[in-house]
Amino acid sequence: MQIYLPIAEISVNIFLLLGLGGLVGLLSGLFGVGGGFLITPLLFFIGIPPAVAVATGANQVVASSVTGVLAQFKRKAVDVPMGLVLQAGGLVGSGLGIVLFNYLTRLGQLDLVVQLSYVVFLGSVGLLMLQESVRALRRTRRTDLPRPKARNHGLIHKLPLKVKFRTSGLYISVIPPLLVGMAVGVLAAIMGVGGGFIMVPAMIYLLGMPTKVVIGTSLFQILIVSAFTTMLHAITNQSVDAMLALLLILGGVIGAQIGSQLGARLKAEQLRILLALLVLAVGVKLGLDLLLPPGELYSLSTGSVR
C-alpha cells in the first residue's frame, strides 16, 4: 500500500513507515532513548531526502520526549532552572544550526555533510557505548572493580555568573550549561537528533549533576529545543513532511508500548550492548553507502528547473 509524501516527493509503503516508527519506538521502550539518532539514517535508507529526514525526524524526538518529561515531573526529578538555562543555549544553537543548514543546502553539500556527521557520531557513540557496556557487564560479575565517579573540574567553578541550582545541589556558572545547550541545539538542527547521547554525559561528568535529575532535565530541554527546531525547519525551508511525521509517531507509540514490556525481561547490561551494536551497524551502513559506488550512476527525476 503506497502513500505519496508531498514534501519528500516520493511514494513509500505505508506499512514500511509504520514499521520504522514502530522499530524506533521499540528501541525507545527498550533502551530509554529518544531514537532521533536512528530514525533519521533509517529514513535515508528508504530514499527520504536528507533535508526532509532531518526536519521530520525531529518530530519523533518531540513525541517520544513528551511522556518521559511528564513522568519525570511527577517524580520531581526535573531541575527546571537548569533546564531553562540549557534551553536558552539550545534555542540559540538551534537558530545557528538552521542558518548553517540552509547555507549547506544552497551550496548543495547538505546531504554529504549530514551523512558524514552521522557516520562520525554513530561510530564514536557506538564504540563508547560498547566499551562502557562491556565494563558494566564485567562489574556485575566482579564486585572488586571500581565504579566510575563523577568528576568535578576546577575550571568550571572558577567561571563568573554563578547561579544556585537547588534541585541539583549545584552552585556553578551558567556559562557551561549554556554552551552544552548550544552544542545540542546545533546538532538538533543539522542532524535531527535530540542530543541526549551528548547532553546526559556532559551533565553528569562536566556539570556534576546528580544522576537522579539528569534524565528528566535532559528530556525537558530536548522537548522544547526539538519543537523549536521543527518549527524553524517548517518556516525557513518547508522540509517538514506532516504525513511522514504522523505515520512515524503512530508507529512509535505502538512500538514503545511493546518495548517497555520487553525491556522488563532483559538485563540492563545486555540491552546496552545490543543498542551499541545497533548504533555501530547503522554507522557502518552509512559509511559503506558513502564509499561504495551506487548501482546506478545516473538517475532521472521530475521537478521544476529554476
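Okay, Val24: you'll find this residue in helix α1. And since what we're looking at is a predicted model, take everything I say as a description of that model. Val24 is buried, because its relative accessible area is 1% and the cut-off for buried is under 20%. Now look across to Gly251. Val24 and Gly251 are 227 residues apart along the chain, yet their C-alpha atoms are separated by 8.4 Å.

Let's stay in α1 for a moment. This helix covers residues 14–31, and Ile14 belongs to it. Is Ile14 buried or exposed? With a relative accessible area of 15%, Ile14 is buried. What does Ile14 touch, if we skip residues up to four places away in sequence? Three residues come up: Met1, Ile3 and Leu247. There's also a distance to Gln2 here: Ile14 and Gln2 are twelve residues apart along the chain, and 5.8 Å separates their C-alpha atoms.

Let me zoom out, so you know what you're looking at. The chain has eleven helices and four strands. It runs to 306 residues, and 46% of them are buried. If you take the contacts between residues at least 6 apart in sequence, 76% of those join residues at least 24 apart. As for the outside, the chain exposes about 16,100 Å², with carbon and sulfur atoms supplying 67% of that.

Next stop, helix α2, residues 36–45, where we find Thr40. Thr40 has a relative accessible area of 0%, so it counts as buried. Who's around it? Leaving out residues up to four places away in sequence, Thr40 touches Ala53, Val54, Gly57, Tyr118, Met191 and Gly192.

Now for the part I'd like you to rotate on your own screens: three helices, α4, α7 and α9. A quick reminder first: two packed helices are described by the angle between their axes and the distance between the axes.

Start with α4 and α9. Helix α4 is residues 80–107 and helix α9 is residues 211–236, and they pack at an angle of about 30° with their axes 9 Å apart. Why do we call that pair roughly parallel? Because angles under 35 degrees get that label, α4 is roughly parallel to α9. The crossing of α4 and α9 is right-handed. And the contact of α4 with α9, sorted by class, has twelve nonpolar residues, eleven polar ones and no charged ones.

Then α4 and α7. The axes of these two come within 6 Å and cross at roughly 40°. So α4 and α7 are oblique to each other. The crossing of α4 and α7 is right-handed. How do the residues of the contact of α4 with α7 divide? It's 16 nonpolar, seven polar and no charged.

Last pair: α7 and α9. Helix α7 is residues 175–191; its axis and that of α9 come within 10 Å, crossing at roughly 40°. That makes α7 and α9 oblique to each other. Handedness? The crossing of α7 and α9 is right-handed. Which residues meet here? From α7 we have Gly181, Val184, Gly185, Ala188 and Ala189, and they meet Gln221, Val225, Thr229 and His233 in α9. That contact of α7 with α9 divides into four nonpolar, five polar and no charged residues.

While we're on α9, click on Thr230, which lies in that helix. Thr230 is buried, at a relative accessible area of 10%. Leaving aside its neighbours within four places in sequence, Thr230 is in contact with Ala55, Ala58, Asn59 and Val240.

One more residue and I'm done. Where is Leu207? Leu207 is in the loop between α8, which is 196–206, and α9. Is this loop residue buried or exposed? Leu207 counts as buried, at 3% relative accessibility. Aside from neighbours within four places in sequence, its contacts are Met82, Leu170, Ile172, Pro176, Pro177 and Ala202. If you look back at helix α4, residues 80–107, you'll spot where Met82 belongs. Finally, try drawing a line from Leu207 to Ser168: the two are 39 residues apart in sequence, and 10.0 Å apart in space, C-alpha to C-alpha.

That's my tour, thanks for listening.

Note on methods. Residues are numbered from 1 along each chain as its sequence is written. This is a predicted model: local features need pLDDT of at least 70, side-chain atom pairs count only at pLDDT 80 or more; totals for chains, interfaces and linings use all residues. Side-chain values use heavy atoms; hydrogens and water are left out. Axes are lines fitted to C-alpha atoms, for helices over the stretch in contact, and angles run from 0 to 180 degrees between N-to-C directions. Angles under 35 degrees count as roughly parallel, over 145 as roughly antiparallel, 65 to 115 as roughly perpendicular and the rest as oblique. A crossing is left-handed if the near helix is turned anticlockwise from the far one by less than a right angle, and right-handed if clockwise. Ala, Val, Leu, Ile, Met, Phe, Trp, Tyr, Cys and Pro count as nonpolar, Asp, Glu, Lys and Arg as charged, and the others, Gly among them, as polar. Buried means under 20% relative accessible area, exposed over 50%, partly exposed in between (1.4 Å probe, protein chains only). Contact means heavy atoms within 4.5 Å. Accessible areas come from the Shrake-Rupley method with a 1.4 Å probe; for residues, only the protein chains shown count as cover.
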